[in-house]
Amino acid sequence: DNAQPKKPSWIRVKAPGGKGYAETAKIMRDNNLVTVCEEAGCPNVGECWSQGHATMMIMGEVCTRACTFCNIATGKPPEDLDVFEPGRVADAVQKLGLNHVVITSVDRDDIADGGAEHFAQTIRAVRHRSPDTTIEILTPDFIRCGPEALEKVVEARPDVFNHNLETVPGLYPEVRPGARYFHSLRLLQRVKELDPSMFTKSGIMVGLGEDRQSVIQVMEDMRAADIDFLTIGQYLQPTPKHHRVDRFVHPDEFAAYEKSAYGKGFLMVSATPLTRSSYHAGDDFAQLRAA
Ligand code: SF4
Ligand code: SF4
């Protein structure tokens with residue numbers, strides 16, 4: 001039975017439109033860039049783009065993984081990495097005048113270093129053109145690469161290193177095949193060991209079939225790996241072929257997660273139905289730095 005629970009009133013999404021939205025869309029198009037906002041059908045696109053916030057996705061539009069919640073096309077990527085892409089990302093960041101940029105990618109298990117060098121080049125290009133912009137990266141797990149892949153990315157010194165655990169460990173085989181929960185945790189712990197000044201961040205979706213206790217356990221695992229920032233949002237099914245929504249988590253439950261996360265020592269927590277990994281990332285980070 002693939003019947004979905006009915007969408008509750010708190011999942012309300014503003015239709016995209018307006019001047020800021022059109023400008024962001026044009027800069028992305030002119031620079032031939034892919035955004036996760038569009039590819040993932042993010043519910044916040046209207047709000048984010050009208051404020052010039054966007055999450056760019058590098059290394060192509062086809063992912064070598066097939067997570068069952070994700071709307072990105074899966075398969076063998078048709079193209080090599082585009083050596084001009086770091087420059088185009090840097091150009092777009094400058095034109096958008098971003099204070100904070102989030103850069104993510106598809107997984108490229110077909111490339112020996114998983115795209116680590118490309119990530120590092122993109123960070124360097126953005127920093128060169130926009131030295132005051134803080135840079136947040138949301139990376140793949142580099143599971144098939146040696147330790148030097150991660151080291152390369154860390155050496156490029158992004159301000160925030162984000163890698164999402166996505167769900168509780170018990171749901172990995174079903175939701176995130178090809179990934180390993182403890183590998184992902186360890187990746188983030190390793191970032192902190194390599195550069196203790198770097199902020200680390202992770203997130204999960206709820207409503208995939210997890211129970212509350214396992215969400216609390218994930219928070220504890222994250223803190224044991226020294227992860228600084230946490231996001232928790234409601235999973236929404238992108239198409240009927242994707243993982244079904246098990247339940248819509250009530251805003252009160254999100255508030256309870258947020259409270260308990262702060263109690264466990266996270267520096268920054270966003271836990272609401274429409275929280276996404278990159279939602280308000282810049283505002284939250286600016287607040288933290290000003291504090
Ligand atoms: Fe894009 Fe993130 Fe905003 Fe969604 S929340 S529209 S992915 S910047
Ligand atoms: Fe989507 Fe990332 Fe999974 Fe690829 S690795 S299918 S882009 S969530």
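What follows is a walk through a predicted model, going from the two ligand shells to the core, a helix pair and a handful of single residues.

Ligand 1 is a good place to start. Its surroundings are made up of V36, C37, C42, N44, V45, C48, T55, R276, S278 and Y279. Two short helices stand out here, since α2 (36-39) and α3 (45-50) each bring at least two residues to this shell. Sorted by class, the residues around ligand 1 come to six nonpolar, three polar and one charged.

Ligand 2 has its own set of neighbours, namely C63, R65, C67, F69, C70, I72 and D107. Here the class count is five nonpolar and two charged residues, with no polar ones.

Turning to the interior, the largest nonpolar core takes in 80 residues. Within that core, the residues with the most contacts are W49, M56, I103, F161, M219, M222 and I232. Helix α5 (residues 116-129) is the biggest giver, putting six residues into this core. As a general backdrop, nonpolar side chains in soluble globular proteins tend to be buried together. I232 gives a feel for the surroundings of one such core residue: setting aside anything up to four places away in sequence, I232 touches I204, V206, V215, M219, F254, Y257, S270, A271, T272 and T275. M219, itself on the list of residues with the most contacts inside the core, is thus one of the partners of I232.

Helix α5 also pairs up with a neighbour. The axes of α4 (residues 85-96) and α5 come within 8 Å of each other, crossing at roughly 35 degrees, and the crossing is right-handed. On the α4 side, the contact runs through E85, P86, G87, V89, A90, D91, V93 and Q94; on the α5 side, H118, Q121, T122, A125, V126 and R129 do the job. The make-up of this contact is mixed, with six nonpolar, five polar and three charged residues.

D91 deserves a second look. This α4 residue has a relative accessibility of 17% and therefore counts as buried, the cut-off being under 20%. Apart from neighbours within four places in sequence, D91 is in contact with N31 and R129. R129 is also listed among the α5 residues that make the contact with α4.

Another buried residue in a helix is T24, which sits in α1 (residues 19-30). T24 has a relative accessibility of 2%, so it counts as buried. Leaving out residues up to four places away in sequence, T24 touches W49, G52, A54 and L96. Of these partners, W49 is one of the residues with the most contacts inside the largest nonpolar core.

The loops have buried residues too. C145 belongs to the loop between β6 (134-138) and α6 (147-155), and its relative accessible area of 18% makes it buried. Beyond its neighbours within four places in sequence, C145 is in contact with A112, D113 and G114. The C-alpha atoms of C145 and G115 are 9.9 Å apart, with their positions 30 residues apart along the chain.

On the far side of α6, R157 is found in the loop that leads to β7 (160-162). Its phi is near 60 degrees, a positive value in a residue that is not glycine. R157 has a relative accessible area of 47%, so it is classed as partly exposed.

The loop between β7 and α7 (172-175) holds two residues worth picking out, E166 and V168. E166 is another non-glycine residue with a positive phi, near 70 degrees. Is E166 buried or exposed? At 17% relative accessibility, E166 counts as buried. V168 is buried as well, with a relative accessible area of 4%. Not counting residues up to four places away in sequence, V168 touches E210, S214, V215 and V218; V215 is also among the contacts of I232. Between V168 and H280, 112 residues apart in sequence, the C-alpha to C-alpha separation is 24 Å.

Methods: Residues numbered from 1 in each chain as written. Chains lettered and ligands numbered in written order. Heavy atoms only, no water. Near = heavy atom within 4 Å. Helix = DSSP H or I, 4+ residues; strand = E, 2+ residues; numbered from the N terminus. Nonpolar A, V, L, I, M, F, W, Y, C, P; charged D, E, K, R; others polar. Core = buried A, V, L, I, M, F, W, Y, C linked by side-chain atoms within 4.5 Å. Buried < 20%, exposed > 50% of the residue type's maximum accessible area, 1.4 Å probe, protein only. Contact = heavy atoms within 4.5 Å. Axes fitted to C-alpha atoms, helices over the stretch in contact; angles between N-to-C directions. Left-handed = near helix turned anticlockwise from the far one by under 90°.
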